[in-house]
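Please open the model in your viewer and keep the selection tool at hand. We will walk through it stop by stop, choosing what to select and looking at what is there.

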Amino acid sequence: MTCIIGMYYNSEKGAVLIADSRTMTGGDYSHGQKIFEVESSTGIVFSSSGLSGIAEKLLPNVRAARSRARQVLPSEIVNVFEDEMAELYNRYKMTRPYRFGSDYTLLTAFIGFTDGDAPQLHCLYENGYAEIIREFHAIGHGARHAMNILRTLYAPSISKDRAIEIGVHALVEVAKIDAMVDDSPQIAILEKKAQTSGLEIMNRRPDGTFDFECADIKKIIDKIAGIEEKRTRAFHLLLDGSKDVKKKFDKALQEYSDGAGKPKKTADRAQPRPAAGN
């Protein structure tokens, strides 16, 4: 199940996690929360693919271990997650009676927090090993499709809004071709802010409850849907349109700057090179 996307924006000054909401329990599909703050006001976010029961065991174990060790720095959370996940892995896959085969993945997860002025995203694997993420990554059943989309659209200097739009676009497109993924995003934003934990979960209501139909996220989905419709029409226009229309379209593309604020390079803008001297 699942597709979860993590990426940095604004030259790694911020980061976003975007997850779908599809879960399965006992063979039945449903909506479920997939983005969690590890502890209130810590600014540490967790989101996982795999068995929901493993995640439900892992989070309380992490909270209890962190409390016992009195580890208060956000950066220390990675070691805690590694140790607790390794314990679960050993119990369910390495100790008799073996509960799962070697080809079955218990859990893959993102851990996010702000360390100093910069956010960090880590990917946690089922054997208890975690590694830091660079630029962007995706996990879950729809990860391969999502990564292909992200590779064509991502740039390190994109803005927060553009990162969210790209992530939502990737999730919606994956949901169209992957029955294991839905198009109901959950979004967490990590960015250092004065007097706050640096974590914003867009689906979280002021009373702490979780909103699967967040109005701000719905606006982004509607915007993406409109762009997709126009993109299809533009494709046919370039195939079938008149020469005059195609020239106007090409000119608009030449004058366009992408999400990173970089003008597209075109042949008519290139300056001729000076002739080499003898």
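What follows is a tour of two sheets, a pocket and some aromatic rings.

Before we start, please note that this is a predicted model, in which local features need pLDDT of at least 70 and side-chain atom pairs count only at pLDDT 80 or more, while totals for chains, interfaces and linings use all residues. Residues are numbered from 1 along each chain as its sequence is written, and side-chain values use heavy atoms, with hydrogens and water left out.

**Stop 1: the sheet from S5 to S9**

Strands (E, at least two residues) and helices (H or I, at least four) are DSSP runs, numbered from the N terminus. Two strands pair if DSSP finds at least two bridges between them. With that in mind, select S5, S6, S7, S8 and S9: these five strands form an open antiparallel sheet in the order S5-S6-S7-S8-S9. Which strands stand at the edges? They are S5 (35–37) and S9 (130–132); each has a single partner strand, so one side of each is left without a neighbour in the sheet. Ignoring direction, neighbouring strands here are turned by 25° against each other on average. For such angles, axes are lines fitted to C-alpha atoms, for helices over the stretch in contact, and the angles run from 0 to 180 degrees between N-to-C directions.

Now narrow the selection to residues 107–115, strand S7, and residues 118–124, strand S8: the two pair in the antiparallel sense over seven bridges. Ala 109 stands opposite Leu 124 in S8, and Asp 115 has Ala 118 of S8 as its bridge partner. The hairpin of S7 and S8 has two residues between the strands, and Gly 116 takes a positive phi near 70° there.

On to S6, which pairs with S7 in the antiparallel sense over six bridges. Pick Phe 46 and you will find it opposite Ile 111 in S7. Is S7 itself largely enclosed or open? Eight of its nine residues are buried, so S7 is largely enclosed by the rest of the structure. Here buried means under 20% relative accessible area, exposed over 50%, and partly exposed in between (1.4 Å probe, protein chains only).

**Stop 2: the sheet from S10 to S12**

Select S10, S1, S2, S11 and S12 next; these five strands form an open antiparallel sheet in the order S10-S1-S2-S11-S12. Its edge strands are S10 and S12 (199–201), each pairing on one side only. The average turn between neighbouring strands of this sheet is 15°, direction ignored. Zoom in on S1 (residues 3–9), which pairs with S10 in the antiparallel sense over five bridges. Ile 4 has Ile 139 in S10 as its bridge partner.

**Stop 3: the second largest pocket**

A pocket is an open set of points on a 1 Å grid over the protein atoms alone, where a 1.4 Å probe fits, with protein on both sides within 12 Å along at least five of seven lines; lining residues have an atom within 4 Å of a point. The second largest pocket has a volume of about 680 Å³. Its lining holds 27 residues; select Thr 2, Ser 49, Gly 50, Leu 51 and Ser 52 to see those closest to its centre. S3 (22–25), S6 (45–50), helix H1 (52–69) and S10 (136–140) each supply at least two lining residues. Which of them gives the most? It is S6, with five residues.

While you are at S3, click on Arg 22, which is found in that strand and counts as partly exposed at 23% relative accessibility. Arg 22 and Asp 183 are 161 residues apart in sequence, and 8.6 Å apart in space, C-alpha to C-alpha.

**Stop 4: aromatic rings**

Rings of Phe, Tyr and Trp (its six-membered ring) pair if their centres lie within 6.5 Å; planes under 30 degrees apart count as stacked, over 60 as edge-to-face and the rest as tilted. How many aromatic pairs are there in the whole structure? A search finds six. One of them is Tyr 125 with Tyr 129, a stacked pair at 6.2 Å centre to centre and 10° between the planes. Tyr 125 is partly exposed, at 26%, and Tyr 129 is partly exposed at 44%.

Next, select Phe 210 and Phe 212, an edge-to-face pair with 5.2 Å between centres and 65° between the planes. Phe 210 is buried at 15% relative accessibility, whereas Phe 212 is partly exposed at 25%. For the last view, select Tyr 92, Phe 100 and Tyr 104, which ring pairs link into a cluster.

Note on methods. Grid points are joined across faces, edges and corners, and a volume is the space filled by probe spheres set on the points.
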